Amino acid sequence: MKNNLLLKTLLPALIAAGICTYIVIQYNRFMTTPLNISEPVQFIVTPGSNLKRISEELYERNITSISPIYLQLYGRANESASRIKAGEYQLLPDDTLPDVLNRLVSGKVIMNSMTIVEGMTAQSLVDMVSANVKIKHTLENPDVAAVMAALGQADQNGEGWFLPETYHFPTDTTDIEFLARANKQMHEVLDNAWEYRAKDLPYTSPYEALIMASIIEKETAVADERPEIAGVFVRRLQKGMRLQTDPTVIYGIRKNFDGNLRKKDLTTDTPYNTYTRSGLPPTPICLPSRESINAALHPASGDSLYFVATGTEGRHIFSSNLADHNKAVRKYQLKK
């Protein structure tokens, strides 16, 4: 009798102890076991995904060998199951399942990057965005006019209005979101530079400064020459001289430009031909950098009115009169 009574008393306790031990072991395993991967893995949480589906996918893809139920219970217990954010995440070999859940809740998604290169055209930028597989494409007609309309700036020619720099963005950022950010950056940079511009410049608006900056951008890639080239163009405008800059001519005939600028191109009138027309062209001719904007608004002082490429390291020779300029042309361009 006593043995039976003892057995009836101890058995439930032993079973309970066994269950508790099993739970503790499984909990420790869940908390400490790293993922079953040897290198980083990209994991996408789609909008609307819940913890149940996420835990099952981790198990099905053999990212973890721990039953999905443990992650589900853990997420409910600490009330994080409902706070998961959609996006593309990177899972690391040393991560545990709690680490994974914390990352999904924090929203620390993979950040992609794309560089808008100074001197490229707005349409080239739109084409680049449209070709990026990490960007969600919403534009039916991926052209600059459609972009500006989507940005609420349909009255603006989009050339020049996107700031060149490297942008970081999460996967599935829309094309308009990405371009809106670059557009906003350009507006902010231009407005700030305009506020602190030098005195007595021949521009009536920030837009004219943007046009000049785009010309400077295409004329030189040498940083220390930008203010000097800006000075040449500013003095020419002030004296009523035509700018006579090849990049504007090329922009005006860009669909027909084969890489060789001919005399007939310089004499054929277009709105962008600064050999046949005075003043600035009607729009920018590319996306100018911060440096070119600053140069346009802070030109170097001096008396030079001409410059010609030396053919060495992208540099130029500057002249204050036509005779010296023609000598430089013969020396560096005609090789005489």
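## The largest pocket

Strand E7 (306-309) gives the most to the lining of the largest pocket, with four residues. Let's start there, keeping in mind that this is a predicted model. The pocket has a volume of about 560 Å³. Its lining counts 21 residues, and those closest to the centre are Gln244, Asp246, Tyr275, Phe307 and His325.

E7 has company here: H8, H9, helix H10 (246-252) and helix H13 (322-332) each supply at least two residues of the lining as well. Sorted by class, the lining of the largest pocket holds 11 nonpolar, six polar and four charged residues.

## The second largest pocket

The second largest pocket offers about 160 Å³ of space. Around it you will find Gly119, Thr121, Lys218, Pro247, Ile250, Tyr251, Arg254, Phe257, Ile285 and Cys286. Here H10 provides the largest share of the lining, three residues. By class, this lining divides into six nonpolar, two polar and two charged residues.

## Two nonpolar cores

In soluble globular proteins, nonpolar side chains tend to be buried together. In this model, the largest nonpolar core has 53 residues, and those with the most contacts inside it are Ile116, Leu125, Phe162, Phe178, Tyr203, Ile293 and Leu297. At least two residues of this core come from each of helix H5 (122-131), helix H6 (144-150), strand E5 (166-170), helix H7 (175-195), helix H8 (206-219), helix H9 (226-239) and helix H12 (290-297). H7 supplies the largest share, nine residues.

Leu125 is a handy residue to click on. Leaving aside residues up to four places away in sequence, Leu125 touches Ile116, Met120, Phe162, Leu179 and Leu287. Apart from this core lies another, of 22 residues, which include Leu35, Val41, Ile66 and Val105.

## A closer look at threonine 283

Thr283 sits in the loop between helix H11 (263-267) and H12. Is this loop residue buried or exposed? Thr283 is buried, because its relative accessible area of 8% falls under the 20% cut-off.

Which residues does Thr283 touch, not counting those up to four places away in sequence? They are Asn157, Glu159, Tyr207, Ile211, Tyr251 and Tyr272. With Tyr272, the side chain of Thr283 also makes a side-chain polar contact of 2.6 Å. Another of these neighbours, Tyr251, leads back to the pockets, as Tyr251 is one of the residues lining the second largest pocket.

Key
Residues are numbered from 1 along each chain as its sequence is written. This is a predicted model: local features need pLDDT of at least 70, side-chain atom pairs count only at pLDDT 80 or more; totals for chains, interfaces and linings use all residues. Side-chain values use heavy atoms; hydrogens and water are left out. A nonpolar core is a set of buried Ala, Val, Leu, Ile, Met, Phe, Trp, Tyr and Cys residues joined through side-chain atoms within 4.5 Å. Buried means under 20% relative accessible area, exposed over 50%, partly exposed in between (1.4 Å probe, protein chains only). Contact means heavy atoms within 4.5 Å. A polar contact is a pair of N or O atoms within 3.5 Å; within protein, one must be able to donate a hydrogen and the other to accept it, and residues adjacent in sequence count only if both atoms are side-chain atoms. On a 1 Å grid over the protein atoms alone, a cavity is a set of points where a 1.4 Å probe fits but cannot get out, and a pocket is an open set with protein on both sides within 12 Å along at least five of seven lines; lining residues have an atom within 4 Å of a point. Grid points are joined across faces, edges and corners, and a volume is the space filled by probe spheres set on the points. Ala, Val, Leu, Ile, Met, Phe, Trp, Tyr, Cys and Pro count as nonpolar, Asp, Glu, Lys and Arg as charged, and the others, Gly among them, as polar.
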